[in-house]
Amino acid sequence: MTDGLKRRDFLKVLGASGAGAGVLGCSTENVERLMPYVVPPEDITPGVATWYTTVCGECEAGCGMWVRTREGRVVKVEGNPEHPVSQGALCSRGHSSLQALYNPDRFTGPMLREGGQLQPISWDDAEQMVAERLSSAGGYYLFTGFAGSSLAGLMSDFAGATDGQVVRYDPLAEAPLREASRIAFGRDVVPWYDLEEARFLVSFGADFLESWLSPVRDGRGFSRMSGVDEEGGKGGFTFVGSRLSLTGQNADDWVPIQPGTEALVALAMANVVSGGGTSAGPYRSIVATYTPENVADATGVEAESIRELAERFADGPSLALGPGVAGLHRGATAANVAVAVLNSVAGNVGRTVHYDAPQLDAPSAGFAPMQQAITAMGAGDVGAVLVHGSNPSYALPASSGFREAFGSVPFKVSFASSMDETAAEADLILPDRHFLESWGDMASRPGQWTVRQPAMRPVPHFDSKQTGDVLLSVATRMGLGLGSETFYDHLRGRWADFAATAGATDADAFWHESLRAGLAQVGTTPSGATETLRQPDRGLVFDPPAFDGPGDLHLMVYPSARYGDGALNANRPWLQELPDPVSKITWHSWVEMHPNRAEALGLRDGDVVVLSTEHGSVEAPVWTYPGIREDVIALPMGGGHTNAGRFADGNGVNALDLLPSEVEPLSGGLVHFVTKVDVTSTGRRRPLASISGSDSQSNRPIAPAVALAGLGAEAEGAEEEHGPLRELQGVGGFVPVETEGRPEDFPLEGSRYGEYGDEEEPRWAMTIDLDKCTGCSACVTACQAENNVPWVGEGQVTMGRDMGWIRLERYYEAVDASHAGPLDVRFLPMICQHCGNAPCEPVCPVFATYHTPDGINTQVYNRCVGTRYCLNNCPYKVRVYNWYTFTDEEPVREGLGHVPEPLNWQLNPDVTVRENGIMEKCSFCIHRIRAHQDRAAVEGSTITDGQIIPACQQSCPAEAIVFGNIRDPGSRVAQSAGGERAYRVLDELVNTQPAVTYLKKVTFHEVESEEH
Amino acid sequence: MTKRWIGASVVTLTFLASPALAQAQDSDAAVAVTDGEAALVQPIAFPHTIHAGVDQIDCQYCHFSAERSVDAGIPPVGTCMGCHQIIGGTDERQQAEIQKLRDYSANQESIPWIRIYKVADHVHFPHLRHVAAEVDCATCHGPVEEMMVIEEVNQPLAMGWCVSCHMERGVSRDCAVCHY
């Protein structure tokens, strides 16, 4: 009955007569059932969240997590504040793991391919089949990604006992970094970088805020280093690279080097720092050769610029990072060695970079073992292959020949939990559990371990089994004993050893405390040892590597800030619709090109071009970007899936199709930055699904900055003067009129749109520090997860109907790719400003938006009739409108947002789910405020400053957001809003009196005068 | 705001509009609601008259989370069995109903109660806050100790009814206290 009954019809009926609804009839379908527990779970109170600790499984960083569950369902993940990696924050990818847990494209159970079709099979039969086929295979491969420590150990035990070989492959492997650590200091590790301890950073293309090693931890370290401290000091950051990534955009200076010349710049800096090489130990003669003058031509950087940079670096404590994936060229290991030498001569080893307490779970052997496996598979020498936690059919260049070789293996098993390009070729699928349903563990660094525990029972739609349990069962069927019945037993066995190492007398108590805290200290974490440079004994070549192909356009294939490599996480609408932090484009791929180059080629934004190399070609629209050198073209990874699920397939292109399958000789890593590319226009155009309005502030003080030197100068100045205030209150609210009201008078007494309560009542407010914000967009996804914000689909985004409650605006102030110099890119998270004198309020014909007594500009969904006047009158464009119902199981129309079962299990029960015809916007996480108020009222306690944390603040790695009661002069928000850098966006134009105060970015260079 | 609440509200309204309701009360049967064709019957004829009336069991003994959660809580089958392990009923009709309960328990199945009280999805009603304010359960739920079959009393769970109480008690009637 209700299917045909729309909300407005229903309201009409109600309006006519209360009892009239009865004539609509009724059927048993409409009855809601209350299903009580049979046996009450001890840790669940209906309506109250239960939290579990675990460790994120999205990347190797291993962020400690708190998982919020309601009535046994996971509804949100957040960082564990006690954890040394996440420190309470989490990135977009971590948040989006919920959409993998509840992904409608997960396998419903084990499957066997018969006659080309996947048919259900029982676990028993499937495991028996694996046991038999492995016994007769005569050797097999087990391909894996990062699996967590205990599982990785079990895999290698299993393979060792069954004549198998484990090959770990990850397209973004840090093989050159490990090899360089070995060459430089004799330590085969990925070192631990401590950004917070540095005062000056130089990144040689390492994208540490988005995809390199540990973005959440490094994001926190970076913001603490680069944010203005109480003494008015501030750490500096220079980015050395051919293209500005998100990390690069956060730099104070940009040195746009010739592609592949990181090593030269690093050595020339080392030359200056070490007095011509005298203190460079065994690298003395090498460093002495590379003076700034000698490398100036090759790098395209003036000697004077390198010298200044080096002198600043020598001032210390400093830290050189990288090269990241941008440096994965033929000289990748040498470039990493050069950076290690630079850190060493500047005295940073043991101070800001630690080789004695590295990142443990990061190691991966790079591409070389995989290449050998491909050769063996192609030769028909491999009887079986097992694939776990990786998607090599997608994540290896097509030119590697993996697909063909893999296809020729007679028995292929995939442990993928949902379809991917590799599983699509498999004969048998044994779906693994999602990490939120699994046991496991990870080490963050020596001594620091985190348990992974299931936060909920397995999602019942999917008959999954942990791969560890499958391997143990298969081993038993093969007549082998691996020492444990279940993977849980295996894990507990290891943790009993940990307990002994940690000196705990009660292993069970140690285990339970580790589960509770989400972290265990097992032994000591060494720190502070310096390392001595070793003889450069292998044929290191520091000179720029060759690039294949004609022309002068170097092709840079870089990991997406949203997906990383995108091999396993692209089928998530939250990530697909998250605007890329650099380009602001959603859903599809794009080709980055300098505006001058585009002009020379007669191209503009949205022109579809063909990129071709000798290895393949792809087609994507142009996006012009001043933050890339004119001789470089960049393409993000993560697009172009063909068989990864309904949300990923067909979006964009797989950039790896353009790359050769070449190994960097020293480290065995895959080279990414190695070829030139040919650009041909197709003559066609397509609109970019971008949320970017303008790259320029057009001289409006939206995201102003203040020079470091000017800080404190105006602190003693007179009261701020401003011209006549105007407010949008004329002609029904649409026309600005002058007002004599003072800012603090708003909202005016007797206002029809609400008044603030008396002094007892809080006034909620927020400050956002633009000096700390890195634009990483973690808050955007956190908000989406918390507030049931729908995704709308590519077509709607293209029409400007994206629905994010937070829009991360990005403005270019100073971006020059032609020579080294100051860089100024501004980020501004724009949310509802909760204006004290809100232009949206007087124009609403039904009073659906008004002020609460505690200072929130609220949106009453059930009052809203969807006139959209408020949206039109909002100077900040932060109100978003549900043009369709995006929350039904089926899309209203193809391509529109929807929430298919069981994705709807993720919906936050504390927040109303909206349907079409409703306006919505940031609510200051009012449900969290109300929950704390309820609790305080019941317990008779008072809410303390910092107790209420909105989802965006909670998630922010940079600690840029502060929320609280601005009426309490001692609160952090009041302190920070009263600071020298505080300003409010467009306040003077329309006298909106926002509750959101921004703190100006601080730059090292002078700032243009038109800004306030 | 989804269609589900509309459906639920229609059911709610129908309770009040239907003349069949009166018959249901009279006949002492487990009929919760009927629109003349489909009769909706609670899976077990649970008599609040005996539990809350005769035995005077405190509401929160079964609705265990009302004072600490937004949800009052529906008793787990195990809670029912805590007593009905022993108590088997005095007459045949009671014994038959209690046997249903024991069957649910033995089969480890949940009892699919028909939901009677539901505010719309865009309304947040925190039980804990109202319990703390010493609002008697009967204020909203009526004299359940006199009800053989639970039905909505006093109000159609409409906003005006909520607001009138808030006004009487001098507590907030700001929209965003309940709507967010």
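This report walks through a predicted model, looking at its confidence, one helix, two strands, the nonpolar cores and chain B.

**Confidence first**

It helps to know where to be careful. Chain A has an average pLDDT of 88, and 92% of its residues reach at least 70. Residues 1-29 of chain A stay under 50, although the model gives this stretch 34 contacts beyond four places in sequence. Residues 715-719 of chain A are also below 50, and there the model has one contact beyond near neighbours in sequence.

**Helix α3 of chain A**

Helix α3 covers residues 123-137 of chain A, 15 residues in total. From its first C-alpha to its last it reaches 20 Å, close to the 21 Å expected at 1.5 Å a residue. Which of its residues are buried? They are A:A126, A:E127, A:M129, A:V130, A:L134 and A:A137. Looking down the axis of α3(A), these buried residues fall within an arc of 155 degrees, so they line one face of the helix. The general background is that an α-helix has 3.6 residues a turn, so residues three or four places apart point the same way.

On the other side of α3(A), A:D124, A:D125 and A:S136 are exposed. The cover over the buried residues of α3(A) includes strands β5 (111-114), β7 (140-144), β15 (384-388), β16 (411-414) and β17 (428-429), together with helix α16 (467-477), of chain A. Just after the helix, A:G138 takes a positive phi of about 70 degrees.

**Two strands of chain A and their partners**

Now to strand β25, residues 632-636 of chain A. Five of its five residues are buried, so the strand is largely enclosed by the rest of the structure. A:V632, A:A634 and A:P636 point one way from β25(A), while A:I633 and A:L635 point the other way.

Strand β40, residues 996-999 of chain A, can be read in a similar manner. A:V996 and A:Y998 point one way, A:T997 and A:L999 point the other way, and all are buried. The pairings of both strands are listed here, each with a bridge or facing pair.

| Strand pair in chain A | Sense | Bridges | Residue pair |
|---|---|---|---|
| β21 (residues 554-558) and β25 | parallel | five bridges | A:Y558 and A:P636 |
| β30 (residues 764-769) and β40 | parallel | four bridges | A:D769 and A:L999 |
| β39 (residues 982-983) and β40 | antiparallel | two bridges | A:A982 and A:L999 |

A:L999 is thus worth finding on screen: it is the bridge partner of A:D769, and A:A982 stands opposite it as well.

**Nonpolar cores**

In soluble globular proteins, nonpolar side chains tend to be buried together. Here, the largest nonpolar core has 301 residues. Those with the most contacts inside it are A:V265, A:A266, A:M269, A:A338, A:V341 and A:V385. What does A:V385 touch, leaving aside residues up to four places away in sequence? Its contacts are A:Y140, A:Y141, A:F143, A:M377, A:F406, A:V409 and A:K412. A second, separate core has six residues, among them A:V228, A:A705, A:L708 and A:V1002.

**Chain B**

Chain B contains nine helices and three strands. Along the sequence they follow the pattern α-α-β-β-α-α-α-α-β-α-α-α. The chain has 180 residues, of which 26% count as buried. Among its contacts between residues at least 6 apart in sequence, 58% join residues at least 24 apart.

Terms used:
Residues are numbered from 1 along each chain as its sequence is written. Chains are lettered from A and ligands numbered from 1 in the order in which they are written. This is a predicted model: local features need pLDDT of at least 70, side-chain atom pairs count only at pLDDT 80 or more; totals for chains, interfaces and linings use all residues. pLDDT is the predictor's confidence in each residue, from 0 to 100. Two residues are in contact if their C-beta atoms, placed from the backbone, lie within 7 Å. The expected span of a helix is 1.5 Å times one less than its number of residues. A residue is buried if 20 or more other C-beta atoms lie within 10 Å of its own, exposed if 12 or fewer, and partly exposed in between; C-beta atoms are placed from the backbone. The arc is that of the directions from the helix axis to the C-beta atoms. Two strands pair if DSSP finds at least two bridges between them. A nonpolar core is a set of buried Ala, Val, Leu, Ile, Met, Phe, Trp, Tyr and Cys residues joined through C-beta atoms within 7 Å.
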